[in-house]
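I opened this entry to look up the fold, the core and one helix. Notes follow in the order I checked them.

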Amino acid sequence: MIAIFVTLQVKPAFRDRFVEATFGDARGSVGDEPGCFRFDVLESASDPNRFHLYEVYTDQQALNAHRQAPHYLKWRATVGDWFDGEAQRVEG
């Protein structure tokens with residue numbers, strides 16, 4: 001299994017739209033991808049514009065499939081300019 005923990009800082013003006021788009025990606029991941037076991041969207045308790053995504057996939061092939069899924073590609077195209085800085089990513 002592969003677990004990924006991503007931390008994203010979102011520009012305040014885009015916060016609500018980011019949440020909506022990200023929950024759409026999460027629903028698509030868990031609902032449409034047999035290799036995705038978990039996709040949690042977490043908001044920081046100390047910063048309402050900082051989010052953590054916790055994702056679990058069966059293997060690298062499932063993670064690669066996620067990155068090609070229509071809902072993920074839509075999410076990337078939608079939220080790409082909304083980040084305030086680079087994403088921090090931990091994979092294990």
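I counted three helices and four strands in the protein chain, taking DSSP runs: helices are H or I of at least four residues, strands E of at least two, numbered from the N terminus. Along the sequence the pattern reads β-α-β-β-α-α-β.

This is a predicted model, where local features need pLDDT of at least 70, side-chain atom pairs count only at pLDDT 80 or more, and totals for chains, interfaces and linings use all residues. Residues are numbered from 1 along each chain as its sequence is written, and side-chain values use heavy atoms, without hydrogens and water.

I checked confidence next (pLDDT, the predictor's confidence in each residue, from 0 to 100). The chain mean is 96, and 100% of residues reach 70 or more. Strand β4 (residues 88-91) has the lowest mean among the elements, 94, and β3 the highest, 98.

I then looked up the largest nonpolar core, which has 22 residues; such a core is a set of buried Ala, Val, Leu, Ile, Met, Phe, Trp, Tyr and Cys residues joined through side-chain atoms within 4.5 Å. Those with the most contacts inside this core include F18, Y57 and W75. I noted that β1, α1, β2, β3, α2 and α3 each supply at least two of its residues.

Last, I took α3. Its buried residues are H71, Y72, W75 and V79 (buried is under 20% relative accessible area, exposed over 50%, partly exposed in between; 1.4 Å probe, protein chains only). They fall within an arc of 100 degrees seen down the axis, so they line one face of the helix; the arc is that of the directions from the helix axis to the C-beta atoms. P70, K74 and A77, on the other side, are exposed.
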